[in-house]
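Q: Could you take a close look at one buried spot in this model and walk me through it? After that, I'd like to see how some other parts of the structure are put together.

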Amino acid sequence: MNSPNRTVERSIATFLFGFLAFSPPLLAIFGAEAFVLGLPLLYLYLFAAWGLIIAMIAWIADLGAEKPPDLEPARRAKRNKAD
Amino acid sequence: MLAGWSILLFSLAYLCLLFAIAYYGDKRADAGRSLIANPYIYTLSIAVYCTSWTFYGSVGRAASGGMDFLPIYLGPTLTFVLWGFLLRKIIHICKAHRITSIADFISSRYGKSALLGGLVTMIAVLGITPYIALQLKAVSISFNVLVNYPEVVMPPISSQVPVLRDTAFLVALLMATFAILFGTRHIDASEHHEGMVAAIAFESIVKLVAFLAIGIYVTFGLYDGFGDLFATAALTPRIGNLFTSSENSYGHWPTLILLSMAAIICLPRQFQVTVVENVNEDHIRKAAWLFPLYLLIINIFVLPIAIGGLLQFPDGGVDADTFVLTVPMAHRMEGLALFAFIGGLSAATGMVIVAAIALSTMICNDLVMPVLLRLNWRGLAERGDLSGLLLSIRRGSIVLVLLLGYAYFRFIGESAALVTIGLISFAAVAQFAPAMIGGMYWKGATRLGAILGLSLGFALWVYTLLLPSLAQSGWLPIGFIENGPFGIELLRPYALFGLSGLDNLSHAMFWSMIGNIGGYVLGSLMSRPGAIERIQAALFVDVPKRSGAFGSSSFWRGSATVADLRALLARFIGSHETDRVLNEYARGRGLNLGRLREADAALVSFVERLLAGAIGAASSRVMVASVAKGEVVGIEEVMKILDETSQVIEYSHQLEQKSRELELTTQELRAANDRLKELDRLKDDFISTVSHELRTPLTSIRSFSEILSDNPDLDPAERERFLTIVVKETERLTRLINEILDLAKMEAGRMDWQMIDIDPRSVIDDALAATGSLVASSSIVLKLEMDPWLPQVHADRDRLMQVIVNLISNAVKFCDHERGEVSILAGQLGGRLYIGVLDNGPGVPAGDRQIIFEKFQESRGPLVDKPRGTGLGLAISRQIVEYFGGRIWVEDAPDRGAAFCFTLPVSRTNAADRPALQSQEAL
């Protein structure tokens with residue numbers, strides 16, 4: 001399910017999302033004179049989008065991580081074999 | 001009260017603390033309990049990306065350009081999104097090849113080219129010089145600002161101060177000393193500087209906390225949180241416009257993002273901490289999001305501090321680059337200002353130390369050593385321990401790099417803002433990206449392409465960014481920018497070939513990347529890679545697939561003695577270290593190096609990689625080549641080893657061959673099947689014919705017997721005649737059955753042959769005797785013409801006689817009834833025994849001459865009304881003759897009738913007698 005290819009696909013999708021999120025047209029839209037929660041819209045948007053990307057990296061990296069329980073039985077089997 | 005000496009004291013104490021940490025880190029590493037072997041320290045060490053540029057420069061940029069400071073941090077985030085197949089692959093390659101710098105990486109990828117390594121080093125040194133100048137400038141200004149506490153006064157321009165009293169110069173010397181102490185204490189084959197990494201990580205914490213402290217003070221101390229700060233700022237349109245204006249242009253953001261994406265891997269210091277100093281590949285998994293998170297956190301307060309500074313100093317008399325320092329100073333926050341200074345100092349020293357070490361490694365390994373080796377490697381080779389020389393070169397390089405940085409600061413960069421200076425450096429190192437990333441995914445990229453791309457990109461960078469910055473500092477006439485060189489408008493460096501409307505940086509990036517990528521692709525497509533290039537290309541591109549094969553992958557075909565290799569290693573990394581790594585290697589492979597005299601290719605390759613860690617890939621190859629006797633493998637072998645296509649072709653060849661063989665087998669099987677079908681049909685025919693042939697005599701025996709049995713009063717003469725017929729038919733039946741049995745035995749190969757050398761003359765005589773009664777009972781004249789000497793033949797006597805008897809009785813049967821005449825000829829024909837039986841009967845039509853030798857086939861001549869034989873005689877005769885190695889056939893007799901003839905090979909025992917007989921005949 002979480003094959004290396006999947007991880008790569010998700011990474012590329014996140015990358016494209018990031019590049020799009022910080023592209024001039026979108027920045028111009030969010031550069032409007034507006035305040036949300038007392039913060040300038042652009043300031044809030046940039047940090048929110050950035051935070052979202054970081055969360056996505058963390059999520060993808062965590063999914064792609066090799067789960068230790070998967071390795072343990074194999075190691076044990078190897079040990080037993082050696083014995 | 002902050003006096004100059006107390007600031008100095010604090011700074012020195014801080015630097016000593018750093019050194020203590022580094023020392024402790026090295027000690028722990030030596031003891032095998034690494035301080036840095038966890039993803040958090042790794043992340044903090046990557047945060048060396050945040051320099052004075054971030055600490056002071058970002059605020060300055062934000063004060064004039066709003067969020068413009070941010071793309072420089074978004075780019076690295078996007079690069080780290082791709083960590084899984086970009087960063088990890090780079091780390092993997094570098095670990096496998098013991099690559100210790102970006103120059104080594106590129107040189108190694110393109111066939112361990114010394115030229116390419118030197119080119120990259122040169123670009124890196126020239127490109128990073130402004131960046132180092134930036135740090136010197138930041139430290140010097142911040143010191144000079146802080147020293148006037150509590151007054152906020154901008155320091156004088158340093159070119160008005162003598163060099164030796166210039167703070168920046170002293171800072172440069174101090175940093176050089178530290179870099180030397182940190183990075184060049186000893187030569188290590190792996191180029192790991194654990195202590196330095198620990199110190200850098202500590203500095204990353206200090207600068208983050210310092211910056212956050214200022215940010216929190218400004219936001220929550222001076223103002224009532226973000227809302228209050230922004231609301232206050234919005235009241236002043238000049239400030240409010242910075243973050244809320246639809247007129248701001250974001251056209252240069254993609255350029256900045258792309259530039260910083262490249263910088264995070266191409267900057268020598270980032271390469272050093274991210275790749276070279278990485279101790280565990282899996283750390284990158286956590287660092288992939290922790291590092292961007294660090295960037296995010298350190299950037300949150302940039303805009304608030306900038307706004308706070310602008311509100312604090314509305315008249316613009318204070319350089320925005322110093323707001324981090326001057327805002328607390330203006331509020332008499334002595335401790336906070338000092339903390340801010342220390343934070344800025346950490347940011348600057350971290351960058352300078354790592355950059356200086358990375359550059360010194362490159363200068364030493366990829367610039368100085370190849371030249372020394374080329375000029376006089378014999379003289380060099382005679383020297384004993386070279387690790388001292390290496391260290392001296394590196395120390396000299398560090399001093400050189402810092403002095404270059406100082407020179408740039410003093411003579412060029414004084415007037416420019418921090419970020420502007422930094423971006424020039426980014427644009428320079430971004431030139432490495434095509435050759436580096438292209439080389440990891442495109443096997444066809446060649447050395448020529450890389451050299452062409454790098455040179456073109458670098459030349460255009462110099463022309464569109466570096467030279468204009470010289471012109472702006474007054475070192476070149478300003479007309480160079482405004483009117484172009486020699487007044488050629490088309491060549492204006494900020495509007496090359498009339499390209500205008502872009503900011504200077506985007507313009508420079510556009511042209512240099514066109515030159516760089518264009519040259520790289522064209523050069524690669526127009527040239528053929530050499531043997532080593534092909535090997536390296538395959539190793540770099542297919543690295544995940546081949547990770548297991550690294551130990552054995554080598555292109556050293558020849559061998560060297562272990563002693564030579566040991567001596568070579570010892571000269572560069574010291575004999576103690578040499579013994580340690582070689583013993584480790586031997587243990588890992590179960591070898592005993594003490595007893596081994598000749599090193600195999602794997603060991604040579606291992607030593608080469610080990611040495612590459614100390615002196616660079618290109619130099620290492622030259623050095624190993626000087627002791628390894630074999631040459632590098634040829635292009636054909638490389639093709640064979642590495643080119644997957646050739647394997648595929650080979651495989652398809654095998655498949656084709658297999659399929660051809662299968663086709664052949666199928667044909668053979670089909671033929672065999674046809675033959676079997678034919679035999680089956682013949683067998684059926686045979687059985688039906690045999691039954692038919694057996695029924696004929698049986699029928700006549702049965703009918704005559706019935707007549708005799710039903711008519712007991714039959715006339716005795718009649719009875720006698722009938723009985724004779726019965727007896728004759730019974731004999732014929734018996735003969736038929738015997739012949740069938742014989743034939744069946746012969747065909748099955750179960751006949752008992754008594755092969756001996758026999759004299760054909762006696763056989764013919766016996767045959768005539770046996771057929772004597774048959775001939776006598778008819779009015780046939782039998783003639784015999786025999787050569788006086790007949791050669792002996794090797795045959796079964798009874799069977800040979802059977803053939804002759806068969807032929808004679810055949811001839812008797814078919815010859816003319818009134819004046820029958822049968823001739824028997826015996827002699828030699830072509831060195832063989834020839835026997836012919838001629839009759840004067842109707843002869844055999846040409847069409848029947850083959851089939852009469854088949855079973856139950858008789859010539860259906862016009863005069864033949866009913867079968868007169870069993871139909872097996874000729875078939876048996878042919879079997880016998882062919883078994884003896886002879887041939888039997890039928891032809892027309894000289895006047896009329898048929899001539900049945902056969903030849904037999906003569907026996908070998910004749911060879912001695914015959915010449916004697918011939919000579920007798922000749923007499």
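A: Let's start with L807(B), which sits in helix α34 of chain B, the stretch covering residues 797-814. Keep in mind that this is a predicted model. L807(B) has a relative accessible area of 1%, and since anything under 20% counts as buried, L807(B) is buried. Leaving aside residues up to four places away in sequence, L807(B) touches V837(B), L874(B), F900(B) and F902(B). There is also S877(B): 70 residues separate it from L807(B) in sequence, yet their C-alpha atoms are 8.3 Å apart in space.

That long reach in sequence fits into a wider picture of the chain. If you take the contacts in chain B between residues at least 6 apart in sequence, 80% join residues at least 24 apart. Chain B has 923 residues, of which 54% count as buried, and its secondary structure holds 36 helices and nine strands.

Next, helix α27 of chain B, residues 575-589. With 15 residues at 1.5 Å a residue, α27(B) should span 21 Å, and its end C-alpha atoms are indeed 21 Å apart, so the two values agree. The buried residues of α27(B) are E577(B), T578(B), V581(B), L582(B), Y585(B) and A586(B). These buried residues cover an arc of only 160° around the axis, so they lie on the same side of α27(B). What do they pack against? The partners are α26 (562-573) and α28 (601-615) of chain B. Over on the other side of α27(B), H576(B) and R587(B) are exposed. Right after the helix comes G590(B), with a positive phi near 70°.

A positive phi also turns up in residues other than glycine. One is K112(B), with phi near 50°. K112(B) belongs to the loop between α6 (102-109) and α7 (114-146) of chain B, and its relative accessible area of 10% makes it buried. Another is R332(B), which is not a glycine either and has a positive phi of about 60°. You'll find R332(B) in the loop between α16 (323-330) and α17 (334-382) of chain B. With a relative accessibility of 56%, R332(B) counts as exposed.

Now for a pair of packed helices. In chain B, α5 (residues 87-97) and α20 (residues 432-441) pack at an angle of about 85°, and their axes are 11 Å apart. Because of that angle, α5(B) is roughly perpendicular to α20(B). On the α5(B) side, the contact is made by K89(B), I90(B) and I93(B), while α20(B) brings in M436(B), M440(B) and Y441(B). Sort the residues of this contact by type and you get five nonpolar, one charged and no polar.

Finally, a quick word on chain A. Its secondary structure comes to four helices and two strands, and from the N terminus on the elements run α-α-β-β-α-α. Chain A has 83 residues, and buried ones make up 30% of them. Among chain A contacts between residues at least 6 apart in sequence, 53% join residues at least 24 apart.

Technical notes: Residues are numbered from 1 along each chain as its sequence is written. Chains are lettered from A and ligands numbered from 1 in the order in which they are written. This is a predicted model: local features need pLDDT of at least 70, side-chain atom pairs count only at pLDDT 80 or more; totals for chains, interfaces and linings use all residues. Side-chain values use heavy atoms; hydrogens and water are left out. Axes are lines fitted to C-alpha atoms, for helices over the stretch in contact, and angles run from 0 to 180 degrees between N-to-C directions. Angles under 35 degrees count as roughly parallel, over 145 as roughly antiparallel, 65 to 115 as roughly perpendicular and the rest as oblique. Contact means heavy atoms within 4.5 Å. Ala, Val, Leu, Ile, Met, Phe, Trp, Tyr, Cys and Pro count as nonpolar, Asp, Glu, Lys and Arg as charged, and the others, Gly among them, as polar. The expected span of a helix is 1.5 Å times one less than its number of residues. Buried means under 20% relative accessible area, exposed over 50%, partly exposed in between (1.4 Å probe, protein chains only). The arc is that of the directions from the helix axis to the C-beta atoms.
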